[in-house]
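Got your viewer open? Let's walk through a few selections together, one stop at a time.

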Amino acid sequence: MNGSVVTVGTFDGVHRGHHAVLAEIRRRAVSSGRRSMLVTFEPHPLEVVNPDAAPALLTTTTERLAALATSGIDRVMTLRFDRAMAALDPAAFVDQVLLPRCDLRELVIGHDHGFGRGRQGDVATLQALGASRGFPVDVVPPVLLADGLPVSSTAIRRAVTGGDLDGAARMLGRSYSLEAVVKRGEGRGRQIGFPTCNLAIARRKLLPPDGVYAVVVETAAGRFGGMMNQGHRPTFDDGRRLLEAHLFGFEGVLYDRSVSVQWVAPLRDIRRFDSVASLRQQLEVDSHRARTMLAVAHPDLEAPLRASE
């Protein structure tokens with residue numbers, strides 16, 4: 001191929017604004033016979049330059065790469081972000097990374113983009129660098145919501161933190177989710193008739209407020225509706241923050257398998273019950289509510305419909 005059409009950024013969340021940028025580099029690459037290419041970083045740059053200000057992440061590295069894999073671009077280059085990388089000014093980043101390693105011919109960036117030391121690589125700086133080195137630099141405008149606000153990772157983090165899952169989904173273009181490996185638990189759920197997948201929580205993964213949620217879980221065995229307890233277990237005096245998902249209509253073993261969980265809607269807050277029998281009675285109510293919600297929101301899931309009959 002004759003060089004690359006490149007974009008650069010952290011792309012946390014891979015939201016609708018990011019997809020507009022990716023669609024533009026893909027369109028340009030196809031029309032020019034070039035490669036479409038994203039340059040991104042690991043870890044998040046703020047974890048290196050200002051750890052106290054580093055945000056919890058919408059997507060882990062695995063989740064981000066999985067989302068990017070569906071974007072249709074040709075290549076993703078993940079650069080290790082360390083002190084040496086943070087010290088590069090925009091010109092050095094272009095000359096030492098983008099031109100030699102990406103064979104850069106066109107640079108396309110988002111409207112709020114900045115890279116290089118101290119985010120000095122704003123639009124004007126990059127366009128001046130492009131003019132001196134012979135590549136164009138163009139900006140993709142923001143994707144706006146109905147209220148006129150732009151889609152951004154910061155706005156999505158705010159929505160998730162506040163429990164606004166519908167708002168987060170509108171900006172992401174999909175439900176908020178996580179990928180996690182199923183771990184062995186203590187078997188309490190199975191003892192009371194609600195076996196669960198116990199999920200590891202990735203470091204820095206942003207979670208909505210703790211509570212019980214209706215969820216959709218994608219597994220190697222298929223896609224299931226379910227409900228998930230997120231948080232501690234006061235009935236058992238267990239203060240650990242856990243994720244425990246019960247899948248409707250699933251019978252099998254998922255230990256050490258990766259699953260994807262989509263938050264659909266909250267069911268209730270976490271609270272202590274006087275007895276295990278009271279907890280089980282509440283889980284029956286939760287199950288009915290979750291199945292009803294899922295039957296409306298995800299009619300493609302047949303198990304919740306059958307189980308509510």
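A residue is called buried here when its relative accessible area is under 20%, exposed when over 50%, and partly exposed in between (1.4 Å probe, protein chains only). Helices (H or I, at least four residues) and strands (E, at least two) are DSSP runs, numbered from the N terminus. You're looking at a predicted model, where local features need pLDDT of at least 70, side-chain atom pairs count only at pLDDT 80 or more, and totals for chains, interfaces and linings use all residues. Residues are numbered from 1 along each chain as its sequence is written, and side-chain values use heavy atoms, with hydrogens and water left out.

**Stop 1: helix α3**

Select residues 61-68, which make up α3, and show Glu 63, Arg 64, Ala 67 and Leu 68: these are buried. They sit on the same side of α3, because they cover an arc of only 135° around the axis (the arc is that of the directions from the helix axis to the C-beta atoms). Here's the general idea: an α-helix has 3.6 residues a turn, so residues three or four places apart point the same way.

What do the buried residues of α3 pack against? Add α1 (16-32), β2 (35-42), β3 (75-80) and β6 (177-183) to your view, and you have their partners. Contact means heavy atoms within 4.5 Å.

**Stop 2: helix α6**

Next, pick α6, residues 123-133. Leu 126, Leu 129 and Gly 130 are buried in α6. Look down the axis of α6: its buried residues fall within an arc of 100°, so they line one face of the helix. Swing round to the other side of α6 and you'll find Ala 124, Ala 131 and Ser 132 exposed. The buried residues of α6 pack against α5, β4 (104-110) and β5 (137-140). Just after α6, click on Gly 134, which takes a positive phi of about 85°.

**Stop 3: where α5 meets α6**

Keep α6 and add α5, residues 90-102; their axes come within 10 Å and cross at roughly 55°. Axes are lines fitted to C-alpha atoms, for helices over the stretch in contact, with angles running from 0 to 180 degrees between N-to-C directions.

To see the contact, show Pro 90, Ala 91, Val 94, Asp 95 and Leu 99 from α5 with Thr 125, Leu 129 and Arg 133 from α6.

**Stop 4: Leu 294**

Finally, go to α10 (residues 276-297) and select Leu 294. Leu 294 counts as buried because its relative accessibility is 0%. Now measure across to Gly 226: the two are 68 residues apart in sequence but 8.4 Å apart in space, C-alpha to C-alpha.
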